[in-house]
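Reader: I have the sequence and the model open on my bench computer. Please take me through it one question at a time.

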Amino acid sequence: MKFLPLIWSNLKRKKLRTSLTLLSIVVAFILFGLLSSIQQALVGGVQLAGADRLIVRDKVSIINLLPESYKARMNRIPGVDFATHQTWFGGIYQDPKNFFMQCPVVPEEFLKMFPEYLLPPAQSNAWLQTRTGAIVGRNTAARFHWKIGDKIPIQSTIWAQADGNRTWAFDIVGIFDGAKKGTDTTPLFFRYDYFDEARHESGQTWAEGKVGWYTIHIKDPAQAAAVAKRVDAEFENSSSETKTEPEGAFVQAWASQIGNIVLIVAAILGAVFFTILLVTGNTMAQGVRERTGELGVLKAIGFTNAQIVSFVLAESCLLTVLGGAVGLGLAWLLTSRGDPTHGLLPLFFFPTRDLWVGAGISVALGLATGFFPALQAMRLRVADALRRM
Amino acid sequence: MNENPTGGAALVRVEGVDKVFHRGSEDIHVLSDLHLEAPAGEFLALMGPSGSGKTTLLNLIGGLDRPTKGTVTVAGERLDQLSDRRLAAWRARHIGFVFQLYNLMPVLSAERNVELPLLLTHLSHAERRQHVAAALAMVGLSHRAKHYPRTLSGGEQQRVGIARGIVTDPTLLLCDEPTGDLDRKAGDEILDLLQALNRDQGKTIVMVTHDPHASARAARTVYLNKGQLSQEPVK
């Protein structure tokens, strides 16, 4: 600690240069935080996915519907605990930019399948008793200031009601929270029986008795691959062949439509940190060159080579850790308000794990940028250095 | 030739020292078979023209460089046998340096500059402050303790340099042209200070200078020319 004023004073020597270097480090770590949050938003669902859940969709495309009758057949397959279905509703609330997911579901099965959605028992009972009832995630409820008892009009881009009207009215009977940080609390779920009857009466016979995809709860997660194979075998050579995969793989495949997110993020951050390595390394090397004589004086006074190396490394680490802390802090603040797209990236947040990774990177960056200047300082011969004062 | 006319116990003993610098394929012989002894409590001036090897000899005595041949013994320690780490620790304990260009850290205040050698000791913060205050008082700069080198005159900077050199109460004070960058008045003040340190504190001082006015303040002057010492000035 007694050396800290000396190290700190050296950083203040060239204020403009230090500030600009610090600023570049701060920007790099803000970028790190934002990209980590985007990556979390796109692939974070993989980590949250249930290991004991399989997703069954049409083998050709998820936009093709599957028969509702499959559910009973799935429930008979060995290894399957129970199955339930969801269907994409594609509704708009007031404005197309107000995006959030809506799906008709079978309430009892749905709540049993997804225990990560926390709904108070009274609200879940209300949902079972209200045919037009819907439950909505805390995030969306807060966004639109919805409360229980509100009647919400949602215009579907796909489904019409009996009178041909595409605007569906739902009664908000429950607001659910997520059991874990990162649980998506943007969707709205409503009752499948209300939905199915209405679309039947509207004459949309092409979709009658059909659903979007199934989620299967399996008895033993270790048997996931075998059960998935049995499910697909069950519907082989039917009009709607299936593709079954673990929920995590399904989410991964969904995110991969954009590209290999992890690789893209790693490539961008790699380039950014490599540039910072050069910028900070150059600042440190210049700093050491400029005070060769002073380092000679320190050595003459009795400072050892190890102490001189420690000073230079401490200086570079102080710079990168300070920049890293400010950058990560700002990134945390910028992402703390959640999804900036209001629905497209429901899992958008800066994961604590990545915060620690960032802290580690800032220290590693300090050590890497200070390494060669420290070596340069260590190798200085005192008599030579004093001549350069 | 052995230079210790006082015949007292030698604090500094340089025996048969050669120093050769290698510049490319060329060998430059700066000191050859040099002998010098200085007893404790002496104020010794080392004179000679530029390039005569004065600073090289001072660096060898201060453990900043190693002889190509021969031995350097200071305060009973064979410097040529110490590792770099032990030599650094030895310097911290026994040597105070005063440089021609003061060599202060521009980013540190006068008191922080003086405190630097004390950072290598086990003294507490309060003890360090006491030592720093005493050293600054000794050089008459207590009122300038918080000032940075750029706000001090050359003479004041050199006083800070001297305070830094004596703050650990070293065995030996080595001064390399301490008045070389000062006007006559400021130079005289520095020489007065060095004389007082030698006379009142019994501090052993070896001072390199090419100024006869400065060397006249020393108790003894030896002359260095072409790597050899003599009692007489170079003609």
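Reader: Which residue just after α7(A) takes a positive phi of about 90 degrees?

Author: Helix α7 of chain A spans residues 192–201, where helices (H or I, at least four residues) and strands (E, at least two) are DSSP runs numbered from the N terminus. Just past the end of α7(A), the residue with a positive phi of about 90 degrees is Gly203(A).

Reader: Before we go on, what pLDDT do local features need in this predicted model?

Author: Residues are numbered from 1 along each chain as its sequence is written, and chains are lettered from A and ligands numbered from 1 in the order in which they are written. This is a predicted model in which totals for chains, interfaces and linings use all residues, side-chain atom pairs count only at pLDDT 80 or more, and local features need a pLDDT of at least 70.

Reader: Thanks! Back to α7(A): within what arc do its buried residues fall?

Author: The buried residues there are Tyr192(A), Phe195(A) and Arg199(A); buried stands for 20 or more other C-beta atoms within 10 Å of a residue's own, exposed for 12 or fewer, and partly exposed for values in between, with C-beta atoms placed from the backbone. They line one face of the helix, because the directions from the helix axis to their C-beta atoms fall within an arc of 65 degrees.

Reader: Which strands are included in what covers the buried residues of α7(A)?

Author: Contact here means that the C-beta atoms of two residues, placed from the backbone, lie within 7 Å. The cover over the buried residues of α7(A) includes two strands of chain A, β5 (102–105) and β10 (188–191).

Reader: How many C-beta neighbours does Pro187(A) have inside 10 Å?

Author: Pro187(A) sits in the loop that runs from β9 (167–178) to β10 of chain A. Setting aside neighbours within four places in sequence, Pro187(A) contacts Phe100(A), Met101(A), Gln102(A), Cys103(A) and Gly137(A). Its C-alpha atom is 9.6 Å from that of Phe99(A), although their positions lie 88 residues apart along the chain. Pro187(A) counts as buried because its C-beta neighbours inside 10 Å number 21.

Reader: Is Asn237(A) buried or exposed?

Author: Asn237(A) is part of the loop joining α8 (224–234) and β13 (242–246) of chain A. Its phi is near 65 degrees, positive although the residue is not glycine. With 6 C-beta neighbours inside 10 Å, Asn237(A) counts as exposed.

Reader: And is Tyr102(B) buried or exposed?

Author: Most residues other than glycine have a negative phi. Tyr102(B), though, has a positive phi near 70 degrees. Its loop connects β6 (95–98) and α3 (110–115) of chain B. Since 24 C-beta neighbours lie inside 10 Å, Tyr102(B) counts as buried.

Reader: At what angle do α1 and α12 of chain A pack?

Author: Ile7(A), Asn10(A) and Leu11(A) of α1(A) meet Phe311(A), Ala314(A), Glu315(A), Leu318(A) and Leu319(A) of α12(A). The axes of α1 (4–11) and α12 (305–335) are 10 Å apart; axes are lines fitted to C-alpha atoms, for helices over the stretch in contact, with angles from 0 to 180 degrees between N-to-C directions. The packing angle is about 60 degrees.

Reader: Which helix gives the most to the largest nonpolar core?

Author: A nonpolar core is a set of buried Ala, Val, Leu, Ile, Met, Phe, Trp, Tyr and Cys residues joined through C-beta atoms within 7 Å. The largest one has 90 residues, and Leu46(B), Ile61(B), Ala163(B) and Val206(B) touch the most other members. With six residues, the top contributor to this core is α12(A).

Reader: Which helix gives the most to the side of chain B that touches chain A?

Author: In the contact between the chains, 20 residues of chain B meet 20 residues of chain A. The buried residues of one chain B helix, Leu87(B), Ala88(B), Arg91(B), Ala92(B) and His94(B), pack against α11 (292–301) of chain A as well as β4 (69–74), β6 and β7 (172–176) of chain B. With six residues on the side that touches chain A, the helix that gives the most is α2(B) (84–94).

Reader: Finally, what percentage of the residues in chain B are buried?

Author: Chain A has 14 helices and 13 strands, and 39% of its 389 residues are buried. Chain B has seven helices and 10 strands. Of the 235 residues in chain B, the buried ones make up 51%.
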